Amino acid sequence: MRARLRVVEAGPLCTVQDAGRPGLMRFGVPQSGPMDREAFALANAALGNPEGAACLEISLGGLVLDCVEGSVSVALAGGGFRAQAAGTLREGGSVFALRAGDRLALRPGDWGSWTVLAVAGRIAAPVWLGSAATHAIAGLGGGLLRPGLDLVVEDAALRPERHGSLPALPRSSGLLRVTLGPQERFFLPGAVEALLGRSFRLSAARDRMGQRLEGDPLPVAALDMPSEPVLRGAVQVAGDGVATVLMADHQTTGGYPKIATVIGPDLDALAQMRAGEAVRFVAVTPAEAVGIARAAHEARMTRLAAAAAPRNLSRLLAEANLIGGVVDARR
């Protein structure tokens, strides 16, 4: 069975994404993948999909799809987007069906910058270097979503036992935990104290590569360092003292010094914040960062297990004929 979804409207940076292409940064190729990695995992888990299956990632520009063929269950997870489908309005994470003739409109709600739409089946998307993750600037990978594009879902399925609401994902308090370094030597005295002692606002200058910060500039010494590998979460400071937190499509090398790195458990929530929101940085040691990551992983696994559990089991049991006959207990 297959389904076909046609893109009617698509905001900028709406893409096909899978889990990314780890291990290829040594060839100068970014991993890419979802901006909100837990929302991506939650949407796939909610449908019983294989881990890392390709999904659609939708930006604040929103997305409108027409189901022009077949039927398929879909899962929405991430920011507080609103989904209008077949006359029903849904807010937040949920799993529901799309059938031929249905139109799905996804629009931003009160919070969040990204949402993930997973399908019960396999999106037949282009693969680049073994991955359907899209590098947005190049357009390589599964691809940017554009009006008129048909998305074919192979092995499409309806999974009514999974329909319903999904667990809420944690939202950022605006406090970002960082490990300091590795290049404090390229900053003038007081730069680290300025990073940790002030608040910053998220600039509208943001994309899948990075999030620029607005605030007092961080004093940088002469920039004479060679380019070197960079990581997701690195707080990179340009010559004008403006800091940028590198995100999913970050470049593989950079010649600007990194004053700190946002720890992994805080990056999904940062991606969901909107321009103008305030953030503050707090330093943790590497050992503390490991402990935070382990605790966050356990909490994440609990949420994924809850998402993977059937949501309409009691109704299905009530509707099912589980008795195959009558037996006389005396025999």
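For counting residues by class, Ala, Val, Leu, Ile, Met, Phe, Trp, Tyr, Cys and Pro are nonpolar, Asp, Glu, Lys and Arg are charged, and the others, Gly among them, are polar. With these classes in hand, this report describes the pockets, strands and helices of a predicted model.

## Two pockets

Rolling a probe the size of a water molecule over the atoms shows where empty space is left. The largest pocket holds about 580 Å³ of space. Its lining is made of 25 residues, and those closest to the centre are E38, G264, P265, D266 and A296. The second largest pocket holds about 470 Å³. Here the lining has 23 residues, with A19, Q31, P34, R37 and R300 closest to the centre.

The table sets out the make-up of each lining by class.

| Pocket | Nonpolar | Polar | Charged |
|---|---|---|---|
| Largest pocket | 10 residues | 6 residues | 9 residues |
| Second largest pocket | 11 residues | 8 residues | 4 residues |

Which elements supply at least two residues of the lining of the largest pocket? They are α1 (37-47), β14 (175-180), α3 (267-272) and α4 (286-308). The greatest contribution to this lining comes from α4, with 6 residues. For the second largest pocket, α1 is the element that gives the most, with 5 residues.

## Helix α1

Helix α1 takes part in the lining of the largest pocket and gives the most to that of the second largest. The helix is mostly covered, since 10 of its 11 residues are buried. The buried residues are E38, A39, F40, A41, L42, A43, N44, A45, A46 and L47. One of them, E38, is also among the residues closest to the centre of the largest pocket.

Both ends of the helix show local detail. At its start, a side-chain oxygen of D36 comes to within 3.3 Å of the backbone nitrogen of E38. Just after the helix, G48 has a positive phi of about 75 degrees.

## Strand β5 and its partners

Is strand β5 (residues 71-78) largely enclosed or largely open? The strand is largely enclosed by the rest of the structure, because 8 of its 8 residues are buried. The residues of β5 point in two directions: S71, S73, A75 and A77 face one way, while V72, V74, L76 and G78 face the other way. Residues pointing either way are buried.

Strand β5 pairs with two other strands. With β8 (residues 94-99), β5 runs antiparallel and is joined by 6 bridges. In this pairing, S94 of β8 is the bridge partner of L76. With β10 (residues 115-119), β5 is again antiparallel, and 5 bridges make the connection. There, T115 of β10 stands opposite G78.

## A closed barrel and an open sheet

Seven strands form a closed barrel in the order β14-β21-β18-β19-β16-β15-β22, and the pairing is mixed. From one strand to the next, the twist averages 40 degrees. Strand β14 and strand β22 (residues 278-283) run parallel and are joined by 4 bridges. In this pair, V282 of β22 stands opposite R177. Strand β14 also belongs to the elements that line the largest pocket.

An open sheet has 7 strands as well, ordered β7-β6-β9-β4-β1-β12-β11, and its pairing is antiparallel. Which strands lie at the edges of the sheet? They are β7 and β11 (122-123), each of which pairs on one side only. Strand β11 is joined to β12 (residues 150-154) by 2 bridges in the antiparallel sense. Within this pairing, R122 has E154 of β12 as its bridge partner.

## Two contrasting residues

E57 and G87 illustrate opposite degrees of exposure. A residue counts as buried when its relative accessible area is under 20%, and as exposed when that area is over 50%. E57 lies in strand β3 (residues 55-58). Its relative accessibility is 1%, and E57 is therefore buried. The side chain of E57 is joined to that of R208 by a polar contact of 2.7 Å.

G87, in turn, is found in the loop between β6 (82-85) and β7 (88-91). With a relative accessible area of 69%, G87 is exposed. G87 and D36 are 51 residues apart along the chain, and a distance of 28 Å separates their C-alpha atoms.

Terms used:
Residues are numbered from 1 along each chain as its sequence is written. This is a predicted model: local features need pLDDT of at least 70, side-chain atom pairs count only at pLDDT 80 or more; totals for chains, interfaces and linings use all residues. Side-chain values use heavy atoms; hydrogens and water are left out. On a 1 Å grid over the protein atoms alone, a cavity is a set of points where a 1.4 Å probe fits but cannot get out, and a pocket is an open set with protein on both sides within 12 Å along at least five of seven lines; lining residues have an atom within 4 Å of a point. Grid points are joined across faces, edges and corners, and a volume is the space filled by probe spheres set on the points. Buried means under 20% relative accessible area, exposed over 50%, partly exposed in between (1.4 Å probe, protein chains only). Two strands pair if DSSP finds at least two bridges between them. A polar contact is a pair of N or O atoms within 3.5 Å; within protein, one must be able to donate a hydrogen and the other to accept it, and residues adjacent in sequence count only if both atoms are side-chain atoms. Axes are lines fitted to C-alpha atoms, for helices over the stretch in contact, and angles run from 0 to 180 degrees between N-to-C directions.
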